[in-house]
Protein chains: 2
Amino acid sequence: MARTTGSHSDITGPRVRAAALRLFARGGYAAVSMRAIAAEVGVQAGALYNYTPDKQSLLFDLMQTHMTDLLAETPSDADRTAVQQLQDFVAFHISFHADRPDEVFIAYMELRNLTEENFAVIERLRREYEDGLEAILRAGVASGDFSVADTKIVTLAIIAMLTGVNTWYRAGGRLSLDEVVAQYWDMVRKAVTA
Amino acid sequence: MARTTGSHSDITGPRVRAAALRLFARGGYAAVSMRAIAAEVGVQAGALYNYTPDKQSLLFDLMQTHMTDLLAETPSDADRTAVQQLQDFVAFHISFHADRPDEVFIAYMELRNLTEENFAVIERLRREYEDGLEAILRAGVASGDFSVADTKIVTLAIIAMLTGVNTWYRAGGRLSLDEVVAQYWDMVRKAVTA
DNA sequence: TTTGCTTTTGAACGCTTGTTCATTAAATTG
DNA sequence: CAATTTAATGAACAAGCGTTCAAAAGCAAA
């Protein structure tokens, strides 16, 4: 046997990435073999190398795509007040992350399995995202709407708190996403106000 | 060569656990080989099996010890008000975790590398810790000191926020631990108050 | 100094790992 | 229908994996 009937790179390529995403999220990068990914796709291990130069690139591409998507979709409307921008941010962060549990899990857990160069790239993107939130906080402090001692700490505290939603939230659970957003916005709003 | 001069189980045993802790935290359970742990200790891989039945037990023991220590040291003084108890909790959580970055990292990252039974044990301990915080929140709501819509969500949000400190805090950095505690307590206090 | 216990070595076990590549067959193009 | 391109197989590679165990050697007690 060689090429199989119906095989096409436009189909197999995305399936390889989807399988890697799913399995990396479930078992961890180091614990998932190329053969396991291939089996999930329904192909032999060798065929994966038509779609990725190596296992590391597979991980890096997933993380980079996730981070650039995150940055591209982050709301940014200078006409709105700092309070409104912060509310937008909270709603966006929770919704975006709730939609992508596997990507989020990988982006947090597999940083240490990146090569040094790849890690630097992802780290820069993550920092860019944090800076966006910190800018909102600073604007709010300047306008007198927020009262926070250290914008950097509050930035990290808010992101940690919001990302924590992913450890328990499941669509169709006890609370709707809107209710979750409302409750977290309530906490964040109070925490940054005098 | 066989037994080496100066070898003693009272010395090697703790060194095995320390090496495993360090390497698991650094590289991840799946990526760390028994030979790598042995090399860190300065023995051959076979010698490790005098101290652990297998690699899985090494991980489980580290996590279980961490969680039972956490529960044993959690402050609990029924004479104090809910607000005081919450403040005690925040200070304790940040300090305890700051002292044990490797243990904390493992406890969060390596859950999926536990067997089903071992996972259940650790999960129960984690749940017990969460319940302690939730009880404080409920007492505060009952006494009218706190205003939170859903104590379970606020519990998880607070723990996520506090544990996030470990991703950036380093002893001897820009902020002292007391300053960090003070800032987080300020945020938590405001978030749970009307 | 001899005896028994403790601790480690080092080789070996079968198995899995990421990756390469000649080969083959399906799909596409002319 | 023929020629070319694309996509997959499946075997092979060297290396590493967790774990076992007989043998050896240091240590402690008699």
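Visitor: How many helices and how many strands are there in chain A?
Guide: This is a predicted model, so keep that in mind as we look around. Going from the N terminus, the elements of chain A read α-α-α-α-α-α-α-α. The count for chain A is eight helices and zero strands.

Visitor: What box do the C-alpha atoms of chain A fill?
Guide: Chain A has 194 residues, and 30% of them count as buried. Taken along the principal axes, the box filled by its C-alpha atoms is roughly 70 × 40 × 30 Å.

Visitor: In chain A, what share of the contacts with a separation of 6 or more comes from residues 24 or more positions apart?
Guide: Start with the contacts in chain A that have a separation of 6 or more. Then pick out those made by residues 24 or more positions apart, and their share is 70%.

Visitor: How are the two copies, chain A and chain B, related?
Guide: Try laying chain A on chain B: a turn of 180 degrees and a shift of 0.0 Å along the axis do it, with an RMSD of 0.0 Å. The two copies are thus related as by a two-fold rotation axis.

Visitor: Which helix gives the most to the side of chain A that touches chain B?
Guide: Here 22 residues of chain A are in contact with 22 residues of chain B. On chain A's side, the elements giving two or more residues are α7 (151–163) and α8 (177–192). The top giver, with six residues, is α7(A).

Visitor: How many residues on the side of chain A that touches chain B are nonpolar?
Guide: That side splits into three groups. Five residues are polar and three are charged, while the nonpolar ones number 14.

Visitor: What percentage of the interface residues of chain A are also interface residues in chain B?
Guide: The copies meet through the same surface. That follows because the share of chain A's interface residues that are also interface residues in chain B is 100%.

Visitor: Where do the buried residues of α8(B) fall, seen down the helix axis?
Guide: The buried residues in α8(B) are B:V180, B:V181, B:Y184, B:M187, B:V188, B:A191 and B:V192. Looking down the axis of α8(B), they stay within an arc of 130 degrees, so they line one face of the helix.

Visitor: Which helices of chain A help cover the buried residues of α8(B)?
Guide: Some of the cover comes from chain B itself, including α4 (82–98), α6 (116–143) and α7 (151–163). Chain A joins in too, with α7 and α8.

Visitor: How far does α6(B) reach from its first C-alpha to its last?
Guide: α6(B) has 28 residues, and at 1.5 Å a residue the expected reach is 40 Å. The reach in the model is close to that, at 40 Å.

Visitor: Which helices do the buried residues of α6(B) pack against?
Guide: The buried residues in α6(B) are B:L133, B:I136, B:L137 and B:G140. Their packing partners are in chain B, namely α4, α7 and α8.

Visitor: Is B:I158 buried or exposed?
Guide: B:I158 sits in helix α7 of chain B. Leaving out residues up to four places away in sequence, B:I158 touches B:L133 and B:V188. A residue needs 20 or more C-beta neighbours within 10 Å to pass the cut-off. B:I158 has 28 inside 10 Å, so it counts as buried.

Visitor: What does A:W168 count as, going by its C-beta neighbours?
Guide: You'll find A:W168 in the loop between α7 and α8 of chain A. Inside 10 Å, A:W168 has 14 C-beta neighbours, so it counts as partly exposed.

Visitor: Which residues come nearest to DNA strand C?
Guide: There are 26 residues around DNA strand C. The elements giving two or more residues to that surface are α2 (34–41) of chain A together with α1 (9–27) of chain B. The nearest residues are A:A2, A:D54, B:R3, B:S9 and B:G46.

Visitor: Which helix gives the most to the surface near DNA strand D?
Guide: DNA strand D is surrounded by 27 residues. Both α1 (9–27) of chain A and α2 (34–41) of chain B supply at least two residues of that surface. The one giving the most, with three residues, is α2(B).

How values were computed. Residues are numbered from 1 along each chain as its sequence is written. Chains are lettered from A and ligands numbered from 1 in the order in which they are written. This is a predicted model: local features need pLDDT of at least 70, side-chain atom pairs count only at pLDDT 80 or more; totals for chains, interfaces and linings use all residues. A residue is near a molecule or strand if its C-beta atom, placed from the backbone, lies within 6 Å of it. Helices (H or I, at least four residues) and strands (E, at least two) are DSSP runs, numbered from the N terminus. Two residues are in contact if their C-beta atoms, placed from the backbone, lie within 7 Å. Ala, Val, Leu, Ile, Met, Phe, Trp, Tyr, Cys and Pro count as nonpolar, Asp, Glu, Lys and Arg as charged, and the others, Gly among them, as polar. Copies are superposed by least squares on the C-alpha atoms of residues with pLDDT of at least 70 in both. A residue is buried if 20 or more other C-beta atoms lie within 10 Å of its own, exposed if 12 or fewer, and partly exposed in between; C-beta atoms are placed from the backbone. The arc is that of the directions from the helix axis to the C-beta atoms. The expected span of a helix is 1.5 Å times one less than its number of residues.
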